[in-house]
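Biologist: Thanks for sitting down with me. Could you take me through this model, starting with its charged pairs?

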Amino acid sequence: MSRFFTTGSDSESESSLSGEELVTKPVGGNYGKQPLLLSEDEEDTKRVVRSAKDKRFEELTNLIRTIRNAMKIRDVTKCLEEFELLGKAYGKAKSIVDKEGVPRFYIRILADLEDYLNELWEDKEGKKKMNKNNAKALSTLRQKIRKYNRDFESHITSYKQNPEQSADEDAEKNEEDSEGSSDEDEDEDGVSAATFLKKKSEAPSGESRKFLKKMDDEDEDSEDSEDDEDWDTGSTSSDSDSEEEEGKQTALASRFLKKAPTTDEDKKAAEKKREDKAKKKHDRKSKRLDEEEEDNEGGEWERVRGGVPLVKEKPKMFAKGTEITHAVVIKKLNEILQARGKKGTDRAAQIELLQLLVQIAAENNLGEGVIVKIKFNIIASLYDYNPNLATYMKPEMWGKCLDCINELMDILFANPNIFVGENILEESENLHNADQPLRVRGCILTLVERMDEEFTKIMQNTDPHSQEYVEHLKDEAQVCAIIERVQRYLEEKGTTEEVCRIYLLRILHTYYKFDYKAHQRQLTPPEGSSKSEQDQAENEGEDSAVLMERLCKYIYAKDRTDRIRTCAILCHIYHHALHSRWYQARDLMLMSHLQDNIQHADPPVQILYNRTMVQLGICAFRQGLTKDAHNALLDIQSSGRAKELLGQGLLLRSLQERNQEQEKVERRRQVPFHLHINLELLECVYLVSAMLLEIPYMAAHESDARRRMISKQFHHQLRVGERQPLLGPPESMREHVVAASKAMKMGDWKTCHSFIINEKMNGKVWDLFPEADKVRTMLVRKIQEESLRTYLFTYSSVYDSISMETLSDMFELDLPTVHSIISKMIINEELMASLDQPTQTVVMHRTEPTAQQNLALQLAEKLGSLVENNERVFDHKQGTYGGYFRDQKDGYRKNEGYMRRGGYRQQPSQTAY
Amino acid sequence: MYSRHAQRITPGNKPGKMASRKEGTGSTATSSSSTTGGAGKGKGKGGSGDSAVKQVQIDGLVVLKIIKHYQEEGQGTEVVQGVLLGLVVEDRLEITNCFPFPQHTEDDADFDEVQYQMEMMRSLRHVNIDHLHVGWYQSTYYGSFVTRALLDSQFSYQHAIEESVVLIYDPIKTAQGSLSLKAYRLTPKLMEVCKEKDFSPEALKKANITFEYMFEEVPIVIKNSHLINVLMWELEKKSAVADKHELLSLASSNHLGKNLQLLMDRVDEMSQDIVKYNTYMRNTSKQQQQKHQYQQRRQQENMQRQSRGEPPLPEEDLSKLFKPPQPPARMDSLLIAGQINTYCQNIKEFTAQNLGKLFMAQALQEYNN
């Protein structure tokens, strides 16, 4: 007991030592171990310091009382039960008993019980009246007690010889108790004696209960530590709570009886405390004196009560009457913090304690500095609550944390004179000197960053398809709000570095969101002023584009760490791409030169880079720039690990290759679900772009032996399609694209179109775009154009000439477009033809070699290289050394040069003549 | 699925096959009548006179059996093989019968071919058929028969039975209208080399072997009994003109393309081979240089020692010090060269014929107009 409160002021603990009859254990020895240090100003009135012995004995007396009650009502069954418990409790108390000798009251109950049982046994009539259970219990109990009492024979006989003495003692004790209670009455503003008594008896029961509970835990090795823990919980949980629990858990009637008064008493105690405090403040000077007095009082009081029951009370931070000053509170805070991180510290309790402390500080108007300080620590310990970094915080805890940060921000905003910073040393903190600006150590930014991290973790660990996820996602707005507040705060007070960090945080919460409002605004430019006013009201807040621009530019200009800038650039690009500002996005990407060195970045940044590239590709696709789209997506798609590269899931295949540790790390890298990029959309965009590029290319280079594939993946899909033994109507997105490709190969754009754009594909892919209709029109046009090209490549050999009008009809393109496409093809020497203007026809030149001619050309090429190789063999044969031929060649060249020079020399001589 | 697959692999094969099926009945007529042509074609590059066999006389039955065997079992690039039976009369090898080897797959790896041959021959002897083993036949795919496998087995045949020949049957060419059946033997020179089993560049050089003198073609005569000849005449009279004029088909691209493709592949191989040989040469010359340098150094040292009066350093085994690089076997490149040669012959022949046909067609067209 005193161990819990440890370090108690020397005078106090000494006095209690001296005052208490029954204190047996030396208090000092345990000081070092105390994990949780409560105020040293603790007073006995509030805190009852109890030794292990007291506790045990309380337990025993308690049981004894129950037995006596049961004896009175002749409930032998109850007696039996309680007796067994008593035996056990006694066994536990054995060590103390060994030191102290068998306590009188124990002997007395044994003797009395035996007598009582014998009496009952003799009373045949009464026995007959008894019910079966009782009779049975009686016989067993009688046998048991006989056996049991054999060990205590000497004690019992001595007791029987001299029962008065013990009785006297008992009476005395009772007297003292009542005295004590009356003392307390005065002390505690009229807590009635009755309540006190109840309290008294209750406290030990609570104690024992807890104790028993603890015993179940196998990891408890020493009683001391158990005690400690008991007290921790006891002291931290509020009174009424613990009492209620007790009420529930103890079956005894007496417990129930006590309940009402105790809560009453609680209130009173609290009141009293407050009063005390007020009083204390009132006469500060006499504080020391007061305390001493109280010490004395406490000592007396304690002594009176002896080893029995203790006041069960709300754990109080400070002793009654202690003046709550800054120093005191800070000291307390430090005490609590010291326990942080130690084994066996109850983290929940710590948080409670800190919250209590904040209340106290607030109640006592200790100034914002202290409160801020404590708040910092509360948040920190909230984060600490989970010992394992890998697991995520409970959402409730996180919610608390949010509230705390909000409160903290409130204070900080309300008090601009508070300086908060990591670099402020503990020593240089100024928590209460109102004259100077308050300085508090702690970094709001770190807290917010951590909070954000935890949010991500919570999102990662929630099933994305559950309602729960949606609920959590709603908190995102709160997170954003906090970030915004912190941003505002730091803009005023923070260093550029901090501002960069908070900006990045803001950016990270902005970049992936499509700004529908801004989009809407763009679509409907303000027509009338009256309408725009209304709009303005709706569109409060700046466009995310503007916001991003502002934040990013600040970071580009001010940031010194490469990482933040890289992230900001990527997010900026992503945001541009998301809003279809392709050229800005592309230029930014090219200017940043990120492609060159991204492989040196850490994985999360790489994931962000991949996401950005993908978004860029999709953006290009929306703009109809298939080639750019294809190039941007190629890296991600060709690996076949898009899922992994985007941090949207782990691949099963590589699961075996990595160990648990790696897997955990990778899991932590995953992007929360609401940031995911739809993989099917991604693949579809890639495949369609590949189709638009590859099919005309294939048609143009059909017979070219050295043609390369533009997209391996697309070819793979085609091959898969070919391997199908039976081709049904396409089901999946891939099948659709393959079917469309086949149609396009034949120049059949209508079929191709119907395969690419239909209900199924709309649902799967196209509707996911913000401007789905625009994309679809673009796509149709692209399909028409590329089909036309493919058609020309494939069938130009069977035409002598072809009318452009026919082509325009076939592909439903207007004549100028057809004209421009064909012209481009001719210029690029893809199509050997010429345009006949008057008749609007394309005249084929038919210079394309036939298959045989192609083969022959290839053969000629190959033979050429063969001959070359062969000549090299010949070189070897010619010269003794490897370099012979080269030398000769050089010599030949030299000769040539010489000749030429000679010629040159001749010329001037000629002119000279 | 299966048929699709097959079609994809050999797009040009199907019409050929169909045509050759028709051939099965009618071709004997043409071939028998063109026996002299066949013999004439086989100019016999290796016909240096010291060969044991000057002429191969094939029974019509054998030709039909070979064709039938391919029809039934050959598929695309797969080849069919079989044993030729007959006997040698003076310098003429008469092939009077044959039987096929069963196609054996991976499953029946324990199938004993020798056992099967012996059994077959014994059974045939019981029914009074020539049972002397005089060679073997093999079908080919666009004339790609000059391979190591053929060389090895022909060598073992010729080693055991001196007069044995290999008959190469080209079903695709046959399908185009003229029976393509050729008899080959290894030249005595090549036999020598093969016996030595030394295919190093030096050995081949010494043996003075080039791709032209690897195989010698033996002229073939197809012989039928008079009765059959009579029947043929009669059949020819009855048959419609169109039936026997695949020969006049103007379609050429497929065949030519295929040949070019194959030729290109071989050229590629040849190139690789040459590169390999080149590196070998370079390595040797480099080593030679090193050796030379080493010797010079040693010599200098010895001179110095001598001047100092010390005993010269002992001679070391240079070949141990400088292991010459493994020379690449040249036989493969020889074979490839031979194969290229065959292709070229094929193409030349084919184009010559086709040109003729085209001119003829042109003339006809003009005449009609």
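Modeller: Gladly! A salt bridge here is a side-chain nitrogen of Lys or Arg within 4 Å of a carboxyl oxygen of Asp or Glu. Please keep in mind that this is a predicted model.

Biologist: Which residues are linked with E454(A) in a network of salt bridges?

Modeller: The structure holds 30 salt bridges over all chains. In one network, E454(A) is linked with R450(A) and K457(A).

Biologist: Is K173(B), the salt-bridge partner of E349(B), buried or exposed?

Modeller: The side chains of K173(B) and E349(B) meet at 3.4 Å, N to O. E349(B) lies in helix α13 and K173(B) in helix α7 of chain B, so the pair ties together parts 176 residues apart in sequence. E349(B) is partly exposed at 29%. Buried means under 20% relative accessible area, and K173(B), at 11%, counts as buried.

Biologist: Which strands stand at the edges of the sheet in chain B?

Modeller: Eight strands form an open, mixed sheet in the order β7-β6-β5-β4-β2-β3-β1-β8 (chain B). An edge strand has a single partner, so one of its sides is left without a neighbour in the sheet. In chain B that applies to β7 (215-218) and β8 (220-223).

Biologist: Over which residues of chain B does pLDDT stay under 50?

Modeller: The mean pLDDT of chain B is 76, and 80% of its residues reach 70 or more. Where pLDDT is low, the predicted coordinates should not be read in detail. In chain B, pLDDT stays under 50 over residues 1-49.

Methods. Residues numbered from 1 in each chain as written. Chains lettered and ligands numbered in written order. Heavy atoms only, no water. Pairing = 2+ DSSP bridges. Helix = DSSP H or I, 4+ residues; strand = E, 2+ residues; numbered from the N terminus. pLDDT = per-residue confidence, 0-100. Contact = heavy atoms within 4.5 Å. Buried < 20%, exposed > 50% of the residue type's maximum accessible area, 1.4 Å probe, protein only.
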